[in-house]
Amino acid sequence: MADEKKDLLLKIRDLRIEGYSDEKWLEIVHGVDLTLHKGEVMGLIGESGAGKSTIGLAAMGFARDGCRISGGSIEFDGMELTTTSESDRRALRGSRIAYVAQSAAASFNPAHKIIDQHTEAPIHYRIRKRLEAQEDAMELYERLRLPNPQEIGFRYPHQVSGGQLQRAMTAMAMACRPDLIIFDEPTTALDVTTQIEVLAAIRDIVEQFNTAAIYITHDLAVVAQMADTIKVLLKGNEVEEADTETMLKSPKEDYTKSLWAVRSFKRPQKSRPGGDAVPVVSVENVDAAYGDTKVLSNVSFDVYAGMTVAVVGESGSGKSTTARCITGLLPPTSGKILMNGVDMPPSYKDRTKEELRKAQMIYQMADTALNPKVRICDIIGRPAQFYMGLRGAALKSRVDELLDLIELEPSKYYNRYPPELSGGQKQRIGIARALAADPTFIICDEVTSALDQLVAEGILKLLDRLQKELNLAYMFITHDLATVRSIADEVVVMKQGEVVEAGPKNEMFTPPHHPYTDLLLSSVPEMDPNWLTTVLEERGVDNIGEAATV
Amino acid sequence: MGDVLGIVLKRLGLGLITLLVISILIFFAVELLPGDIAEAVLGQGATAENLKAMREQMGLNEPAIVRYLEWLWGAVRGDFGVSLISQRSVADTIGPRFAATLFLACYAAVIAVPVAITLGIIVALLRDSVFDRVANVLTLTSISSPEFFLGYVLVLYLAVKNPLFPALANVNFQDVGTFELYYKTFLPALTMVLVVVAHMMRMTRASIINLLASPYIEMARLKGTPAWKVIVKHALPNAWAPIINVVALNLAYLITGVVLVEVVFVYPGIGQLLVDSVTKRDFPVVQACCLIFAATFILLNLAADVGAILTNPRLRHPK
Amino acid sequence: MNYFVIGYYALLIGASCLAAYYSARTVFLLLFSLTLVSFIVGIVGGESSLWTITICAGLLALFGGTAFAFREFLAIVLPTEASKAIKTAPLTATFGLFVIMTYAIAGIFAPIIAPYGEAEVIAGAFAPADEHMLLGADQLGRDLFSRLVFGARNTVGIALLATTFAFVLGALAGLIAATLGGWFDQLMSRVVDVIMSVPSLIFALLLLSILGTNAFVLIVIIAVIYSPRVFRLTRAVAGNVVVMDYIEAARLRGEGLWYLIRREILPNSTAPLIAEFGLEFCFVFLLVAGLSFLGLGIQPPTADWGSMVRENATLISFGEITPLFPAGAIALLTVAVNFVVDWMLFRSSGLKG
Amino acid sequence: MSDKIRDDLIDRMASEAKRGRLSRRDFMHYAIAAGVTASAASGLWTSKAALAAPKRGGTFRLGTHDGNTSDTHDPGTYLSFSIIQLAHTYRSYLTQITPTNELGPDAAESWSATEDAAEWTFKLQKSASFHSGKPFTADDAIASLNHHRGEKSTSAAKALLKDVTDIVKVDDHTITIKLVSGNADLPWLMTDYHLAMCAANSDGTIDWQSGDGTGPYKIVHNEFGVGSKLERHDGWHGEGAYFDAVEMTVLNDPNARQTALVTGEVDGITQLDLKTLSLLKRNPNIVVDNVPSGAAITMPMFCDVAPFDNADVRLALKLAMDREDIIKKITFDTAIPGNDFHISPSMPYWPDLPQRTYDPDKAKFHLKKAGQENLSVELFTADSVYSGAVDMCVLYAEHAKAAGINVSVNRAPNDGYYSDVWLKKPFCMVQWGARPTPDVMLSLAYKDDAAWNESHWQNERFNELLLAAKAELDQEKRATQYREMAQLARDDGGTIIPMFTNFVYARNKKVAHGEDLAASWQMDGARACSRWWFDS
């Protein structure tokens with residue numbers, strides 16, 4: 001750790017940033033200090049709204065539209081960014097400070113080839129000529145272990161997979177050999193197995209070029225692998241800062257401790273009711289296709305009352321499609337869906353009100369799952385009105401009861417609109433809407449993945465409590481194995497439309513595993529700062545290159 | 001690229017069906033018009049006797065459906081019949097008029113499209129500045145003015161008060177030099193430019209600004225790309241689809257919707273021909289004009305869609 | 001060089017200096033570039049062009065002042081929610097609102113406001129303005145001002161009705177098509193193709209010739225002509241809404257088509273539709289004027305701005321301003337509507353982001 | 001008035017007249033007013049004001065209204081004004097109406113009739129020839145007229161020639177037209193714009209398609225509804241054709257026409273927009289010709305339908321119209337008041353009867369006599385009838401109010417007005433083009449059994465006189481007959497004739513014309529191209 005004066009790269013003091021909303025300027029970052037030396041990697045961690053990205057961008061002297069830097073100083077290598085002209089600041093970007101965005105797929109311009117975007121900055125800054133820059137790009141691609149480094153740059157972004165794009169973006173950030181790179185949640189949008197490759201690549205290249213970096217993430221385990229020091233943020237304030245080791249082992253602040261503690265929620269595993277108990281839902285040999293593309297083949301599993309079946313898999317594995325088959329949105333091409341042993345019509349259009357009522361769904365994105373133009377009472381009340389025919393006072397008391405169930409005070413939320421609520425509250429409304437139909441079976445489609453960890457835990461606990469009280473059966477779709485660990489009774493692992501492995505949770509988490517389950521399990525980052533190194537050593541580096549070409 | 005061809009073929013097929021439906025609609029619309037061609041031709045000189053002879057000669061005594069099918073059979077073979085009044089072939093009647101309309105449309109488009117897109121880019125670059133506001137008000141005003149009125153005002157200022165350009169654009173394509181041709185048709189072209197520029201420019205501005213919130217635009221700015229380059233190199237290539245769409249719509253308008261400009265500047269275009277033929281109930285000419293217009297519209301729309309595909313690398317370079 | 005020119009430049013330069021001193025950057029740039037422009041224009045066009053600039057600036061200031069005052073007025077009068085929105089509205093939008101309100105009042109209370117009847121002949125042809133006639137008389141000796149006021153009722157009324165009808169037609173079809181999809185969507189899209197492929201003026205010409213020209217037919221025909229645009233927009237907007245999870249949730253609940261459209265889709269599609277309504281209103285307006293130009297619009301002696309422009313359009317060639325009043329009325333209203341629409345679009349997109 | 005001043009005045013008027021701005025009639029009128037005797041004034045006119053001899057040369061560019069893309073060379077379907085103007089330029093007729101509204105020779109040099117006027121012999125111009133070089137013969141004349149006859153003819157002039165039983169070739173340059181009964185007006189009929197001379201085919205039909213003709217100019221280029229270019233036909237048989245070439249442009253938009261004239265892009269235009277007449281007159285480079293014509297606005301009332309079956313009611317409705325006001329407001333002083341009989345001052349045999357004036361009291365008196373106080377009638381009209389037709393009816397309704405008559409104006413659609421309203425509704429408004437002679441007009445629309453007897457007026461004496469006058473070759477006698485018919489129509493007839501509308505057209509001041517202008521069509525009887533010339 002270099003803390004000599006001459007190594008000082010970035011010094012931020014009392015940084016204040018304001019955002020424009022509701023027609024006035026509100027402070028969203030309240031005086032944050034940050035010091036970064038050459039070659040040092042700092043992790044910025046916090047929940048959404050903590051101001052991590054805003055601070056990261058401010059380190060480039062940049063504020064998003066609708067934001068402005070209202071106070072403090074940002075000194076980069078002796079240059080005060082808050083007072084220099086915009087053109088001078090711009091001259092730093094891309095050349096001395098580079099940025100790696102969260103979603104590489106969205107941050108590469110779809111209209112240009114990857115390599116042209118890569119070489120834009122070096123050519124613009126006259127650091128390299130076009131051909132030199134291209135050769136340099138290919139070299140970087142190779143260092144980042146991208147397949148076909150000579151050729152991959154000449155593709156368009158949409159022709160390259162997400163993990164590869166993210167590495168190409170890291171390469172692009174390196175194009176001018178900057179002193180500092182801001183990584184803004186570079187792996188959040190990736191599947192776990194891809195994430196591990198990208199993490200490894202980023203860590204290697206940062207080390208190789210001895211580049212300083214600010215690594216922004218909400219995932220502790222990830223930041224533990226990457227950062228030398230960690231700074232924890234909450235609502236635009238600094239909570240604490242320490243080197244990684246210390247921070248992981250002995251956090252000082254309560255907030256930090258609570259973050260660390262999230263992963264501890266676990267409930268006892270239940271086992272299937274014995275005898276001739278009929279599963280609430282059983283999926284039998286279901287095949288499904290979108291047009292001519294087959295997406296599910298021979299999927300079977302059962303869900304019993306009072307139990308949670310977690311369906312796990314990476315994106316594209318067919319988890320959500322299975323849910324669509326069960327609800328009847330996508331009639332299976334073959335196979336059956338049974339509820340309480342009764343064969344269901346394949347399409348929801350042919351199902352009776354009663355059949356529809358029994359199976360309800362909770363969605364991942366509460367924003368799109370709730371009609372923003374309808375009051376909470378109507379959102380929750382509608383199923384009760386629709387299925388049970390409740391009216392007037394009866395309806396109101398039912399809505400109040402449901403709001404109580406999801407731990408929201410009825411009088412306060414009854415007349416509000418979804419956009420006025422926080423993410424966790426919205427998700428609770430989604431749950432209440434499902435409960436309003438008095439179902440026996442609920443599909444939870446990634447219900448916690450869009451939420452901050454503390455909030456997510458609250459939702460999981462709520463779901464668990466409701467399951468106990470109402471004897472509900474859950475089908476829990478998730479890609480997050482930590483969630484599976486905490487809530488599932490049984491686990492179904494899916495890959496490319498097929499069930500790879502299924503069984504009670506304990507069995508699944510104890511070896512021997514199916515090779516894919518093994519890959520999945522071993523890719524989940526752990527809090528140990530040496531985890532990444534260990535895993536990579538275990539797998540052997542070549543393994544990663546192969547996986548990346550998938 | 002095979003996809004594009006497939007789409008084009010499918011759309012052309014649908015276009016043909018649309019044309020067929022339009023031909024039926026137009027035929028019966030003309031049938032339903034009060035009075036018939038014989039009455040229209042003879043005017044006050046019509047008597048029962050010569051009306052009968054006239055109808056006989058024009059073959060109007062056959063049932064409507066038979067006449068339509070006869071026309072259709074001819075049309076399928078590429079023969080759109082003869083004008084009932086002049087007895088000249090429809091192709092000869094329409095040909096030069098349509099050429100004139102196309103010429104004027106191209107003339108206007110060649111000025112309007114680059115001007116509109118350039119202005120749109122500049123306005124997007126200078127968004128929320130005074131220049132943007134002024135451009136906004138001016139374009140709105142030009143959209144809001146009836147085009148014949150725009151024409152009259154141009155004539156007043158550029159032909160009557162300051163005799164810079166001729167007020168009449170009654171060009172005769174055979175014996176007019178190239179320069180004179182452009183000179184004489186300048187005012188109608190300018191009127192049409194004013195009518196369409198505003199729309200295209202606003203769309204260009206809107207579609208560019210719409211993209212400015214995209215992560216890749218932020219990325220470009222974070223790479224230190226200058227503002228104009230962000231717009232031209234990073235936003236514009238992704239904004240083509242809506243721009244092409246509105247350009248196509250406006251090109252279609254330049255060809256099909258300029259009857260009033262033709263009237264004001266006495267330009268021998270197809271619009272005037274169509275209006276005349278409607279008042280005279282000269283069905284074959286009406287039909288042919290409407291089908292040309294419809295085909296223009298369909299083709300331009302198709303071109304816009306193909307253009308949108310071609311400017312979209314996702315569709316141009318499938319995985 | 002006379003006092004006017006000296007005063008003109010002195011004022012501009014003085015104001016520029018003041019602005020520069022108080023470091024009001026935009027104001028300074030504006031004022032000083034105006035000074036430079038005036039300098040060039042003054043040399044080329046002489047004093048009269050400076051007068052023109054002065055008058056334009058004065059008018060602009062007047063509009064701006066009106067808009068500002070009206071905004072403050074609305075902010076005080078309206079309930080909290082709306083007043084909050086109004087306070088942040090740009091001046092162009094409040095100016096638009098002001099104009100629209102004026103037109104609405106003129107239209108609704110036309111018989112009270114107009115000093116004479118719309119068909120009443122009170123003076124000689126083209127009599128100049130006097131104390132009885134604010135704007136003079138038209139070709140038949142009818143009071144131009146009264147006719148303008150009645151025109152607000154007739155023209156705007158017809159355009160409004162036609163646009164509304166077009167929206168009911170187009171939006172309903174668009175919503176159903178987006179919700180149902182399948183054959184209905186295909187069918188409607190083809191029908192729309194057909195309508196759009198025929199140039200609107202010709203379409204109107206044919207139909208009006210067949211059905212005869214009266215206000216009702218006119219409204220229906222214009223509605224039919226413009227509904228395809230609404231249909232396409234609604235279908236696109238509703239298409240974005242239909243894929244939302246809450247629609248899926250409602251479908252899985254077993255909700256009917258009408259409920260889906262009315263309660264779930266429509267409330268989330270209104271913003272772009274309202275914006276389109278403004279634009280469409282302008283186009284309808286222009287089509288009515290264009291039809292009047294071809295002699296197919298609203299029937300005389302009913303006052304209608306389009307016909308008023310047409311009847312007196314030839315005067316323009318002689319530099320007479322009579323036809324400018326109705327044309328100006330058309331342009332002012334469309335500009336005003338679009339100002340408001342721009343603002344609403346900005347708000348709806350801003351709220352989205 | 002001193003002699004000096006008077007001479008100055010005369011000189012000024014003379015120079016005005018030389019430029020064609022003052023007609024002979026006006027010159028005489030003013031000169032007499034200035035104190036010169038009539039005969040002296042006439043002498044002055046010939047010596048001082050008579051126009052300079054026409055000069056040859058130049059290209060006359062004429063902007064015409066009412067041109068239609070669907071116009072054709074078929075003379076049987078001539079309808080729009082542009083094609084009529086063109087027809088008089090590239091084709092010729094057997095006879096023509098001269099600028100002084102008399103009958104003159106064209107392709108026929110002379111004509112004579114039998115005693116009963118039932119057989120007319122026309123001697124054709126031997127020098128006349130087609131543009132193609134083919135000489136004009138009797139065969140061509142006969143084929144041209146037969147084009148409008150016979151069962152298969154689609155010509156609009158069929159009715160005009162329905163009394164013709166046969167057309168015989170006497171020799172190569174003489175034809176005889178045989179009629180069912182006598183018609184003293186037949187040579188006048190030959191001026192009808194449909195009856196253009198075309199080249200005959202061997203089978204007796206005519207070759208109208210080629211656009212060949214025997215007129216003063218031959219077509220070089222023509223596109224219907226757009227315009228045409230013509231150059232002088234050197235072998236033309238007539239007097240005139242001073243311009244070397246003629247360019248006609250269809251300018252349907254009134255504003256475009258005026259602008260073109262103002263900017264000098266054309267030398268003359270037809271049909272001015274009356275609203276801007278006074279403004280246009282201010283332009284020193286432009287001369288407006290305001291020529292009284294035989295074109296009339298009529299308002300027929302069905303004489304067999306109540307309340308119009310009462311002559312007093314009809315008279316009251318005639319008296320309840322303020323013609324002066326209408327002429328002032330609707331036509332901007334470009335019309336002459338009608339006197340409720342259909343002979344205009346520019347037609348032959350015009351009887352100078354006392355002008356009917358607006359008299360609501362007298363109208364009331366007649367209504368009382370008819371027992372029809374509080375009369376209420378419905379008047380049909382359409383925009384297309386006449387520019388300002390609806391306004392005119394509205395104005396009439398205002399006038400009639402003073403006489404206690406309630407006229408409600410019903411505005412019918414333009415399209416199909418003449419098939420659905422005219423001859424169907426008991427009280428409507430009609431525009432009539434100029435007809436060459438009273439007989440043509442009266443036989444067409446006032447004769448008891450005429451198909452177009454628009455007022456259903458049946459007057460025994462009138463019809464007797466009409467038949468007698470038709471075959472009457474004695475001019476004096478004929479004039480008295482028409483006078484009596486006019487009186488009958490004026491006081492008993494079922495048609496209100498508010499006015500005869502003038503032809504109002506304009507030219508650049510460098511274009512000159514003779515002292516009089518024909519009243520048959522705009523542009524000097526549509527023959528401006530062959531009659532006018534460039535002055536400088």
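Two strands are taken to pair if DSSP finds at least two bridges between them. In this predicted model, strand β4 (residues 67-76) of chain A meets that condition with β5(A), to which 2 bridges join it in an antiparallel run. One of the residues involved is Glu75(A), whose bridge partner in β5(A) is Glu80(A). The pair belongs to an open sheet of 4 strands in chain A, arranged in the order β2-β1-β4-β5 with antiparallel pairing. The sheet ends at β2 (24-37) on one edge and at β5 (79-80) on the other, each of these chain A strands pairing on one side only.

It helps to step back to chain A as a whole. The chain holds 23 helices and 20 strands. Its radius of gyration is 25 Å, close to the 24 Å expected from the globule rule for 550 residues, so chain A is as compact as a globular protein of that length. The C-alpha trace of chain A spans about 75 × 50 × 45 Å along its principal axes. Within chain A, domain 1 covers 8-260 and domain 2 covers 281-510. The C-alpha centres of these two domains of chain A are 36 Å apart. Their contact draws on 7 residues from domain 1 of chain A and 6 residues from domain 2 of chain A. Sorted by class, the side of domain 1 of chain A that touches domain 2 of chain A has 1 nonpolar, 4 polar and 2 charged residues.

Chain B is likewise assigned two domains, with domain 1 at 2-76 and domain 2 at 90-316. Here the C-alpha centres of domain 1 and domain 2 of chain B lie 31 Å apart. Domain 1 of chain B brings 18 residues to the contact, and domain 2 of chain B brings 16 residues. On the side of domain 1 of chain B that touches domain 2 of chain B, the elements giving two or more residues are α1 (2-32) and α2 (37-42) of chain B. Helix α1(B) provides the largest share of that side, 11 residues. The same side of domain 1 of chain B is made up, by class, of 12 nonpolar, 4 polar and 2 charged residues.

A helix pair in chain B rounds out the description of this chain. Helix α5 (residues 90-125) of chain B packs against helix α9 (residues 186-211) of chain B at an angle of about 35°, and their axes are 7 Å apart. The crossing of α5(B) and α9(B) is right-handed. The residues in the contact of α5(B) with α9(B) comprise 23 nonpolar, 2 polar and 1 charged.

Turning to the assembly, 5 pairs of chains are in contact, and of these chains B and D share the most contacts. In this interface, 36 residues of chain D are in contact with 39 residues of chain B. On the side of chain D that touches chain B, at least two residues each come from β10 (217-223), α7 (254-262) and α13 (417-420) of chain D. Helix α7(D) gives the most to this side of chain D, with 5 residues. By class, the side of chain D that touches chain B contains 11 nonpolar, 18 polar and 7 charged residues.

Chain B also meets chain C, in a contact that takes 31 residues from chain C and 34 residues from chain B. Four helices of chain C, namely α7 (182-197), α8 (200-211), α12 (270-293) and α14 (324-352), each supply at least two residues of the side of chain C that touches chain B. This side of chain C divides into 21 nonpolar, 8 polar and 2 charged residues. Chain A and chain D, by contrast, do not touch, and their nearest C-alpha atoms are 49 Å apart.

Chain D has an open sheet of its own, built from 7 strands in the order β10-β11-β12-β1-β13-β21-β14 with mixed pairing. The edge strands of this chain D sheet are β10 and β14 (286-291), each pairing on one side only. Strand β10 of chain D is also one of the elements that supply at least two residues to the side of chain D that touches chain B. Further into the sheet order, strand β11 (residues 227-232) of chain D and strand β12 (residues 245-250) of chain D pair over 5 bridges in the antiparallel sense. Among the residues concerned is Glu231(D), whose bridge partner in β12(D) is Ala245(D).

Conventions:
Residues are numbered from 1 along each chain as its sequence is written. Chains are lettered from A and ligands numbered from 1 in the order in which they are written. This is a predicted model: local features need pLDDT of at least 70, side-chain atom pairs count only at pLDDT 80 or more; totals for chains, interfaces and linings use all residues. Two residues are in contact if their C-beta atoms, placed from the backbone, lie within 7 Å. Ala, Val, Leu, Ile, Met, Phe, Trp, Tyr, Cys and Pro count as nonpolar, Asp, Glu, Lys and Arg as charged, and the others, Gly among them, as polar. Axes are lines fitted to C-alpha atoms, for helices over the stretch in contact, and angles run from 0 to 180 degrees between N-to-C directions. A crossing is left-handed if the near helix is turned anticlockwise from the far one by less than a right angle, and right-handed if clockwise. Domain bounds come from an automatic or database domain assignment. The radius of gyration is taken over C-alpha atoms; the globule rule is 2.2 Å times the number of residues to the power 0.38.
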